[in-house]
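Reader: I am new to this structure, and I would like to be led through it step by step. Could we start once it is shown?

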Amino acid sequence: MIRSVPVALAALLTLTACAPSAGPTLSRPNGLALTAEGQLLVSDFQNARVVRFGTDGRSIGSHGSRGLEEGELWRVWGLSATPDGGFIVIDHLLDDVEDQTSYARVAKVFDATGQHRSSFSLTPP
């Protein structure tokens with residue numbers, strides 16, 4: 001996928017430019033994934049979302065919001081694109097909301113539009 005290299009470079013240049021017109025401000029981006037269409041997905045840890053960049057390196061949207069409800073994100077750690085244009089994120093959720101010290105790892109599956117489709121636990125019982 002040679003055409004993906006310029007896309008990734010353009011997106012990274014956009015991310016590091018930090019200009020307001022360059023797109024959303026990312027806070028602790030910690031994962032990258034390329035879709036089959038050549039779009040770059042970036043997991044934004046601190047803002048609890050996934051940002052999608054087009055083939056020109058410009059932001060074309062973000063998916064997710066902070067929360068503990070179904071389809072919301074808490075602490076996005078991992079990211080992978082799916083063949084249909086969707087993505088899977090690994091989210092660290094609070095396992096015990098009261099003491100806020102124990103976390104559960106959950107994989108959340110989103111379609112190409114960013115709509116949450118399913119979740120499954122990665123934390124052993």
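Reader: In which strand does D44 lie, and is D44 buried or exposed?
Author: This is a predicted model, and in it D44 belongs to the strand that covers residues 40–44, namely β2. Buried means a relative accessible area under 20%, and the value for D44 is 0%, so D44 counts as buried.

Reader: Which residues does D44 touch, not counting those up to four places away in sequence?
Author: One of the residues in question is R28, whose place is in the loop between α1 (4–17) and β1 (29–34) and whose phi is near 60 degrees, a positive value in a residue other than glycine. With residues up to four places away in sequence not counted, D44 touches T25, L26, S27, R28, P29 and R49.

Reader: How many bridges join β2 to β3, and which residue in β3 does S43 stand opposite?
Author: The two strands run antiparallel, and five bridges join them. Within this pairing, the residue in β3 that stands opposite S43 is V50.

Reader: Which residues of β3 point one way and which the other way?
Author: Strand β3 spans residues 49–53 and is mostly covered, with five of its five residues buried. R49, V51 and F53 point one way from the strand, while the other way is taken by V50 and R52.

Reader: Which residue in β4 does V50 stand opposite?
Author: Strand β4 (residues 59–63) pairs with β3 in the antiparallel sense over four bridges. The two strands form a hairpin with five residues between them, and in its turn G57 has a positive phi of about 85 degrees. Across from V50 in β4 stands H63.

Reader: Where is A48 found, and what is its relative accessible area?
Author: A48 is found in the loop between β2 and β3, in a hairpin that has four residues between the strands, and A48 takes a positive phi near 50 degrees there. Leaving aside neighbours within four places in sequence, A48 is in contact with residues including G64, L73, W74 and V76. Since buried means under 20%, A48 is classed as buried because its relative accessible area is 0%.

Reader: How many residues does the largest nonpolar core have, and which elements give two or more residues to this core?
Author: The largest nonpolar core has 10 residues, among them A48, V50, L73 and V76. Apart from this core lies another, of five residues, including L26, L40, V42 and V51. The elements that give two or more residues to the core of 10 residues are β5 (76–81) and β6 (87–94).

Note on methods. Residues are numbered from 1 along each chain as its sequence is written. This is a predicted model: local features need pLDDT of at least 70, side-chain atom pairs count only at pLDDT 80 or more; totals for chains, interfaces and linings use all residues. Side-chain values use heavy atoms; hydrogens and water are left out. Buried means under 20% relative accessible area, exposed over 50%, partly exposed in between (1.4 Å probe, protein chains only). Contact means heavy atoms within 4.5 Å. Two strands pair if DSSP finds at least two bridges between them. A nonpolar core is a set of buried Ala, Val, Leu, Ile, Met, Phe, Trp, Tyr and Cys residues joined through side-chain atoms within 4.5 Å.
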